[in-house]
Amino acid sequence: MTAENTISLGEQLSEKELCPDELLAAQEAAFARDIERMQRRVNEFIEVACPACGSQTYQPAFEKFGFTFRTCEDCETLYMSPRPSPAVMADYYTHSENYAYWAKYIFPASEASRREKIHKPWLERVLGFCDRYAIPRGILLEIGPGFGTFAAVATESQAFTRVVAVEANPDMAAACRDRGVEVIEQRVEDVKGEGLGGVNVIVSFEVIEHLFEPRAFVAQCAHLLPSGGLLILSCPNGLGFDIAMLGAKALAVDAEHVNLFNPQSLSQLLEDCGFEVLEATTPGRLDAEFVREAALKGEIDLSGDPFLKRVLMDDWGSLGWPFQQFLAHHNLSSHLWIAARRR
């Protein structure tokens with residue numbers, strides 16, 4: 001099925017709605033301190049093969065924060081190797097000043113906009129998958145809900161008979177409960193499906209790019225779903241427009257995003273783990289803005305590309321959003337959604 005047949009972007013969106021300018025400086029400072037803490041443990045990093053296809057052949061891509069990124073020669077996945085060990089990753093997230101700042105300041109300040117412009121459209125997209133592929137609206141399991149806004153929107157909608165969030169971080173689990181969400185406060189690897197009574201749909205938004213071993217995560221999702229159950233993942237697309245244009249300067253490339261899959265490579269991983277991929281689309285709304293902002297800051301020079309200069313700079317008001325829609329509808333955005341059915 002083509003992206004054009006299924007994709008719905010929702011309203012136009014700006015990064016400033018998600019992270020207000022007045023909060024940005026303190027957030028960036030907190031993130032920088034987190035990175036410094038991770039850099040001190042670089043001797044504990046572990047070299048890995050491609051997280052999508054397992055290939056050992058790669059081309060060097062770039063370095064960022066002193067960490068090395070590679071491009072798989074077989075499936076074009078962009079990935080960090082060597083990467084933080086599971087122990088280093090666990091310590092990073094447990095003590096992250098950046099995540100604490102987001103939870104205390106940015107999420108509350110932007111929650112209303114996120115609900116209306118992100119999470120409600122996400123729920124409509126999830127329900128669309130259920131309707132198109134005759135998936136029962138029984139139990140919806142969200143893995144890694146963070147602040148809990150999507151799970152709360154899904155719970156309030158009563159579109160599913162039960163909504164359960166799996167969140168190991170105590171602060172985030174508490175935030176979910178504050179929003180009326182049922183929470184299993186465990187790592188997903190430790191969740192036993194029997195206690196849930198049969199899951200129909202698993203969703204996990206912006207999680208898989210953070211994982212040391214994403215194949216194990218997908219395998220656990222397969223274990224929790226029955227045959228015919230639906231898995232929906234979202235993550236950055238390593239072949240998307242802003243990453244292609246900005247490389248290491250792209251916001252999606254950071255110390256936490258160790259797996260930057262693309263529609264084909266993530267599809268391959270899911271197929272290998274017992275899923276049939278139904279749709280892979282890129283309904284992103286921010287690529288063009290990210291590249292424009294980089295140009296305005298002087299991080300890239302568009303003077304040698306008259307077309308992009310016109311679209312992203314000179315005629316931004318009239319051409320920016322149509323250009324973003326073009327990227328999204330042709331799987332060129334750096335925000336990837338994939339829906340797959342358990343075989």
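**Strand pairing and helix packing**

In the predicted model, V203 has I232 of strand β8 as its bridge partner. The strands concerned are β7 (residues 201-205) and β8 (residues 230-236), which run parallel and are joined by 5 bridges. Both belong to an open sheet of 7 strands, whose order is β6-β5-β4-β7-β8-β11-β10. Pairing within this sheet is mixed. Its edges are formed by β6 (182-184) and β10 (275-281), each of which pairs on one side only. On average, neighbouring strands of the sheet are turned by 20° against each other, direction ignored.

Helix α6 packs on this sheet, where α6 touches β4 (139-143), β5 (162-166) and β7. The direction of α6 makes about 170° with that of β4.

Helix α6 (residues 149-157) also packs with helix α5 (residues 97-132). The angle between the two helices is about 60°, and their axes lie 9 Å apart. The crossing of α5 and α6 is right-handed. On the α5 side, the contact involves E111, R115, H119, K120, W122, L123 and V126. These residues meet T149, F150, A152, V153, A154, E156 and S157 of α6. By residue class, the contact of α5 with α6 comprises 7 nonpolar, 3 polar and 4 charged residues. Helix α6 is thus in contact with strands β4, β5 and β7 of the sheet and with helix α5.

A further set of helix contacts involves α12 (residues 306-314), in which the buried residues are L308, V311 and L312. These residues lie on the same side of α12 because they cover an arc of only 80° around the axis. The packing partners of the buried residues of α12 are the helices α9 (241-246), α11 (287-296) and α13 (316-329).

An antiparallel pairing is found between strand β1 (residues 58-64) and strand β2 (residues 67-72), which are joined by 6 bridges. Within this pair, Q59 of the hairpin stands opposite T71 in β2. The hairpin of β1 and β2 has 2 residues between the strands. In this hairpin, F65 takes a positive phi near 60°. The β1 and β2 strands run antiparallel, whereas β7 and β8 run parallel.

Note on methods. Residues are numbered from 1 along each chain as its sequence is written. This is a predicted model: local features need pLDDT of at least 70, side-chain atom pairs count only at pLDDT 80 or more; totals for chains, interfaces and linings use all residues. Side-chain values use heavy atoms; hydrogens and water are left out. Axes are lines fitted to C-alpha atoms, for helices over the stretch in contact, and angles run from 0 to 180 degrees between N-to-C directions. Helices (H or I, at least four residues) and strands (E, at least two) are DSSP runs, numbered from the N terminus. A crossing is left-handed if the near helix is turned anticlockwise from the far one by less than a right angle, and right-handed if clockwise. Contact means heavy atoms within 4.5 Å. Ala, Val, Leu, Ile, Met, Phe, Trp, Tyr, Cys and Pro count as nonpolar, Asp, Glu, Lys and Arg as charged, and the others, Gly among them, as polar. Buried means under 20% relative accessible area, exposed over 50%, partly exposed in between (1.4 Å probe, protein chains only). The arc is that of the directions from the helix axis to the C-beta atoms. Two strands pair if DSSP finds at least two bridges between them.
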